[in-house]
Number of protein chains: 2
Amino acid sequence: MKKLINNPNNVLEDMLKGIVYAHKEHLRKIDGFDVLVRKNSPVEGKVALVSGGGSGHEPAHGGYIGEGMLDGAVCGSVFTSPTPDQVFEGIKAVDGGDGVLLIIKNYSGDIMNFEMAKDMADMEGIKVEAVVVNDDVAVEDSLYTAGRRGIAGTVFVHKIAGAKAEKGASLEEVKKTAEKVIKNVRSMGMALTSCIVPEAGKANFTLAEDEVEIGMGIHGEPGTHREKISTADEITEQLVNRILEDMPVAKNEEVAVMINGLSGTPLMELYIINKKVQEMLEERGIKSYKTFVGEFMTSLEMAGCSVTLLKLDEELKELLDAKADTPALKVF
Amino acid sequence: MKKLINNPNNVLEDMLKGIVYAHKEHLRKIDGFDVLVRKNSPVEGKVALVSGGGSGHEPAHGGYIGEGMLDGAVCGSVFTSPTPDQVFEGIKAVDGGDGVLLIIKNYSGDIMNFEMAKDMADMEGIKVEAVVVNDDVAVEDSLYTAGRRGIAGTVFVHKIAGAKAEKGASLEEVKKTAEKVIKNVRSMGMALTSCIVPEAGKANFTLAEDEVEIGMGIHGEPGTHREKISTADEITEQLVNRILEDMPVAKNEEVAVMINGLSGTPLMELYIINKKVQEMLEERGIKSYKTFVGEFMTSLEMAGCSVTLLKLDEELKELLDAKADTPALKVF
């Protein structure tokens, strides 16, 4: 294991310190808990958004805290759901009286622990609603998931629901908008290499030197199949075709595109993937409204990428374009 | 070689298409040349800034095109200087009549080719000045460099000189500010793994499974030494101590910090490095004014990082904080 860490058991603690040092204009940590919240939390007069999950997906989710996106991010150990009491602390810290929306990626542990925290908050009279993101079209049911996994499409839920909340919408309205995003977003990923959970110290799977896995999850969960590495264009075709089979997009409809790097893959290659995605959209007469290329939902040092398409309407476009000011994503 | 590419000889062409598709709000490509310029170039009433060099360092430099930073980026093949005629095209495309500042990283090929382009522009009556960034304190003279190499500190030159130009300063004033940044910025990097130039198809050096190289350059040029991997804290101490030996920073002086990932190293580890950098600054009473953690100047898929410190005065702080709107860096 070759990593820039200190004690493998302290990676979360050390990382959170590093995040707070870097982004003290945006966020603060709750003492005694692995929870990051907006610096000025609770913000009165708006619904608060809380997300989170296991760590190792940075900048998700702490990097999306700030104006126009999240109010809180609850950070579990690497690839491990945060406990209900951690989530509950997050809810309490950000609730400004207008209620809290939990944005949960569809992993069984996250669902269970966020739902328990919701019950704890209910008992204290805090209004809490939850949405579950399940954008990964690769496989039904997986290592840690019943149904489909939630992956990079979650960032569009943060962005758009965050903008809706910032405009003063009610908890029910913010939830409805988040659900609209979830209904219209699909992703699929692939991996070139494995990653190493620091506490484990070794890769949890291996791929041969000429092999890739299509549809792999962000914790190394199995995808649809393994194959010999082909070209970027051929791999991209597989991902985009599968997304469009699952969610047809008609000619002249508009989409937002996210080309997400899992971490080990350089930006150069993500742009090469983007070229093919955009060519495929053009061939089909689908309009690419806005494109995001970078690392938004990573998997430790794994090499690979995912492609996300979000079908847009006028409301979603306006909210996607609304100002956001967070460490990882700024929009004017 | 396991990369998401098509033909290894077309990576630059494919990448540039992907960049233009993603960032058409910010930039356009000059037909027939590997040159990216601001969408609305030439911008009248301001000095234009051009940088560039070999590709493989994305988001440098195309990602820094936009309001408050660069006007043009000339993109050579991977790790290969762009030719003088490419640079000359960039200069012509962005000059709005107030002259052009070239920001060159200190590599012999870049210096030679940018200087030749400057001569070509001089002959056409375009006012051109140049600055050379040499922030890497690791080694004097290196594989491709006489003197010190230019690495991630270059991004601070883009940001601050870009803000100065945006305010309407003259070519001489913008150059003077760029030189002030260069005088006050120092970096040092280290690598955990090698990287593969696509056209070569294999790693140009290897590091053992428990070995790191301290002071390595962004093209895999040798650093100061190799050693067994230690902790993130110990590695960070080496980098920061060497920077501060070279450029003493007094108690109560202010610095900007950049923790730059070379690409293969996840954000989690960069934040862990940042924790130690900030602790070291605190111990010395040095004030950390602003911190950037992410991938700003990469080396294909190399794992590793660099640390950059920039000593600030009131002018530099104001220019660092000024609005920038580019694909890779946005500042309000």
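Me: Buried means under 20% relative accessible area, exposed means over 50%, and partly exposed covers what lies in between, with a 1.4 Å probe and protein chains only. Why does B:C75 count as buried?

Reply: This is a predicted model, in which local features need pLDDT of at least 70 and side-chain atom pairs count only at pLDDT 80 or more, while totals for chains, interfaces and linings use all residues. Residues are numbered from 1 along each chain as its sequence is written, chains are lettered from A and ligands numbered from 1 in the order in which they are written, and side-chain values use heavy atoms, with hydrogens and water left out. B:C75 has 10% relative accessibility, and therefore counts as buried. A:C75 is likewise called buried because its relative accessibility is 10%.

Me: How do you know that A:C75 has no bond to the closest cysteine sulfur?

Reply: A disulfide requires a pair of cysteine sulfur atoms within 2.5 Å. The closest cysteine sulfur to that of A:C75 belongs to A:C195 and is 18 Å away, so the separation is too far for a bond. B:C75 is also in no disulfide, the nearest cysteine sulfur being that of B:C195, at 18 Å. A search of the whole structure, over all chains, finds zero disulfides.

Me: What makes the two copies related as by a two-fold rotation axis?

Reply: In general, two copies of a chain are related by a rotation about an axis and a shift along it. Here the copies are superposed by least squares on the C-alpha atoms of residues with pLDDT of at least 70 in both, and a turn of 180 degrees with a shift of 0.0 Å along the axis lays chain A on chain B with an RMSD of 0.0 Å. The two copies are thus related as by a two-fold rotation axis. Of the residues of chain A, A:G264 comes closest to that axis, its C-alpha being at 2.1 Å.

Me: How do you know that the copies meet through the same surface?

Reply: The interface residues of chain A are, to 100%, also interface residues in chain B, so the surface through which the copies meet is the same. As for A:E295, its contacts (heavy atoms within 4.5 Å), leaving aside its neighbours within four places in sequence, include B:S263 and B:E295, and also A:P59 and A:N260. A:E295 is found in the loop between β11 (287–294) and β12 (304–311) of chain A, where strands (E, at least two residues) and helices (H or I, at least four) are DSSP runs numbered from the N terminus.

Me: What is the peptide bond that joins A:E58 and A:P59?

Reply: The bond is cis, with omega about 15 degrees, and A:P59 is found in the loop between β3 (48–55) and β4 (72–78) of chain A. In chain B, a cis peptide bond joins B:E58 and B:P59, with omega about 10 degrees. Most residues other than glycine have a negative phi, and most peptide bonds are trans.

Me: Why does A:L300 count as buried?

Reply: A:L300 counts as buried because its relative accessibility is 1%. Phi of A:L300 is near 45 degrees, a positive value in a residue other than glycine, and A:L300 lies in the loop between β11 and β12 of chain A. B:L300 has a positive phi of about 50 degrees although B:L300 is not a glycine, and with 1% relative accessibility B:L300 also counts as buried.
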